[in-house]
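Trainee: Hi, do you have a minute to go through a model with me? I'd like to start with the overall shape and then work inwards.
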Amino acid sequence: MVHYKLVKLKAGADVTSIYFRCRKVYAELEMELPFLHNAEVHRCETTRGSSADIMIIVQLDGPEYLDDYLQHPKYLALMNDMKDYLLEWMSFDEKAAC
């Protein structure tokens, strides 16, 4: 399963700092969670108002691992750190291609 998270930050948020924090946390999550693979963190190149600022993509071994990932203390700490800068977010789950 592929899990996507699109993050839109409030005006004035330090996107670069948040981007690098996300990269660090997801590298750690990939090392700690045996069911999480190929973590990618992308920063949007354009500054259009409708574009997400950060996109995170991870592969999970199956949907049964989604809650373990979303309840991991490092993931929760990252979301807590971002809450004051977060305008909105969206997630999307896709069945991995066979």
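Trainee: What radius of gyration would a compact globule with 98 residues have, and what does the protein have?

Mentor: Happy to help! Keep in mind that this is a predicted model. A compact globule with 98 residues would come out near 13 Å, and the protein has 13 Å, so the two agree. Along the principal axes, its C-alpha trace spans about 35 × 25 × 15 Å.

Trainee: Thanks. And which pattern do the helices and strands follow along the sequence?

Mentor: The order is β-α-β-β-α-α-β, made up of three helices and four strands.

Trainee: Okay, on to the inside. Which residues touch the most other members of the largest nonpolar core?

Mentor: Those are C22, Y26, I54, L60, Y69 and M82, in a core of 26 residues. At least two core residues come from each of strand 1 (2-9), helix 1 (15-32), strand 2 (36-43), strand 3 (54-60), helix 2 (66-70) and helix 3 (73-82).

Trainee: Which of them gives the largest share?

Mentor: Helix 1, with seven residues.

Trainee: Let's pick Y26. What is Y26 in contact with, leaving aside neighbours within four places in sequence?

Mentor: Y26 contacts A39, V41, I56, V58, Y69, Y75 and L78.

Trainee: New topic: charges. How many positive and negative side chains are there?

Mentor: There are 11 positive and 16 negative ones, and the centres of the two sets lie 6 Å apart.

Trainee: Last one: how much area does the protein expose?

Mentor: About 6200 Å², with 54% of that supplied by carbon and sulfur atoms. Buried residues make up 37% of the 98.

Methods
Residues numbered from 1 in each chain as written. Predicted model: local features only at pLDDT ≥ 70, side-chain atom pairs only at ≥ 80, totals over all residues. Heavy atoms only, no water. Rg over C-alpha atoms; globule rule 2.2 N^0.38 Å. Buried < 20%, exposed > 50% of the residue type's maximum accessible area, 1.4 Å probe, protein only. Areas by Shrake-Rupley, 256 points an atom, 1.4 Å probe, with all protein chains shown as cover. Lys, Arg positive; Asp, Glu negative; His and termini not counted. Charge placed at Lys NZ, Arg CZ, Asp CG, Glu CD. Core = buried A, V, L, I, M, F, W, Y, C linked by side-chain atoms within 4.5 Å. Contact = heavy atoms within 4.5 Å.
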